[in-house]
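Work through the exercises below with the coordinates open. Each task is followed by a stepwise solution.

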Amino acid sequence: MPVPPAASAAQVALMWEAKAAPGRGTELLEWARARSSDLPAAPGGPQRAELLRAPGDRVLVITWWDAPYDADVPELPEPAPDLIARPVHRWRFESLGSPGARPAPGTTNPDS
């Protein structure tokens, strides 16, 4: 019989979003792809990383780390100023699990 996974430690997601300077969307996307590849491999690196793009030459990188919210984990740097239209936006989120997932044993549901 399979053994259920142990309740995981805290997990933090880092979001990094940049808007490319006019005409430089492809270059910014490749820059972000290369920097994402430079992050350390698991177990010291992110458990998952995703690269996304949106209209307006916006690039988003999300990384998930098995670490507490305030952990010191590597983040993508600022691109060269001439590559971006504005400063990079960064957000940090604490993972609460998948929607509809049952709370881990010993935890409480804040909605109850």
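**Exercise 1.** Does arginine 86 count as buried, partly exposed or exposed, and at what relative accessibility?

Solution. The model is a predicted one.
- Step 1. Take the limits: buried is under 20% relative accessible area, and exposed is over 50%.
- Step 2. Arginine 86 has 21% relative accessibility, so the residue counts as partly exposed.
- Step 3. Look for its partner. The side chain of arginine 86 meets that of glutamate 17 in a salt bridge, at 2.7 Å from N to O.
- Step 4. Place both ends. Arginine 86 sits in the loop between β3 and β4, while glutamate 17 belongs to strand β1; the pair links distant parts of the chain, 69 residues apart.
- Step 5. Classify glutamate 17. Its relative accessible area is 8%, so glutamate 17 is buried.

**Exercise 2.** Find the order of the strands in the open sheet, and state which strands stand at the edges.

Solution.
- Step 1. Recall the pairing rule. Strands of a sheet pair through backbone hydrogen bonds, either parallel or antiparallel.
- Step 2. Read the order. The open sheet has 4 strands, arranged β2-β3-β1-β4, and the pairing is antiparallel.
- Step 3. Pick out the edges. β2 (48–54) and β4 (89–94) each have a single partner strand, so one side of each lacks a neighbour in the sheet.
- Step 4. Add the twist, which averages 15° from one strand to the next.
- Step 5. Check one pair. Strands β1 (residues 12–19) and β3 (residues 58–65) run antiparallel and are joined by 8 bridges. Within this pair, glutamate 17 stands opposite leucine 60 in β3.

**Exercise 3.** Decide whether the buried residues of helix α1 line one face or are spread around the axis.

Solution.
- Step 1. Check the length. Helix α1 covers residues 25–37, and its 13 residues should span 18 Å at 1.5 Å a residue; the end C-alpha atoms are 18 Å apart, which agrees.
- Step 2. List the buried residues: Gly25, Leu28, Leu29, Trp31, Ala32 and Ser36.
- Step 3. Look down the axis of α1. The buried residues fall within an arc of 160°, so they line one face.
- Step 4. Compare with helix geometry. An α-helix has 3.6 residues a turn, so residues three or four places apart point the same way.
- Step 5. Turn to the other side of α1, where Thr26 and Ser37 are exposed.
- Step 6. Identify what the buried residues pack against: β1, β2 and β3.

**Exercise 4.** Which residues are linked with Glu78 in a network of salt bridges?

Solution.
- Step 1. Start from one pair. Glutamate 78 forms a salt bridge with arginine 90, with the closest N and O atoms 3.6 Å apart.
- Step 2. Locate the pair. Glutamate 78 is in the loop between β3 and β4, and arginine 90 is in strand β4, 12 residues apart.
- Step 3. Check exposure. Glutamate 78 is partly exposed at 41% relative accessible area, and arginine 90 is partly exposed at 34%.
- Step 4. Extend the network: Glu75, Glu78, Arg90 and Arg92 are linked in it.

**Exercise 5.** Which residues does proline 68 touch, not counting residues up to four places away in sequence?

Solution.
- Step 1. Place proline 68 in the loop between β3 and β4.
- Step 2. Read its contacts under that exclusion: Ala10 and Val12.
- Step 3. Check the backbone. The C-alpha atoms of proline 68 and alanine 10 are separated by 4.9 Å, though the two are 58 residues apart along the chain.
- Step 4. Classify proline 68: at 44% relative accessible area, the residue is partly exposed.

Terms used. Residues numbered from 1 in each chain as written. Predicted model: local features only at pLDDT ≥ 70, side-chain atom pairs only at ≥ 80, totals over all residues. Heavy atoms only, no water. Pairing = 2+ DSSP bridges. Helix = DSSP H or I, 4+ residues; strand = E, 2+ residues; numbered from the N terminus. Axes fitted to C-alpha atoms, helices over the stretch in contact; angles between N-to-C directions. Buried < 20%, exposed > 50% of the residue type's maximum accessible area, 1.4 Å probe, protein only. Contact = heavy atoms within 4.5 Å. Salt bridge = Lys/Arg side-chain N within 4 Å of Asp/Glu carboxyl O. Expected span 1.5 Å × (residues − 1). Arc of directions from axis to C-beta.
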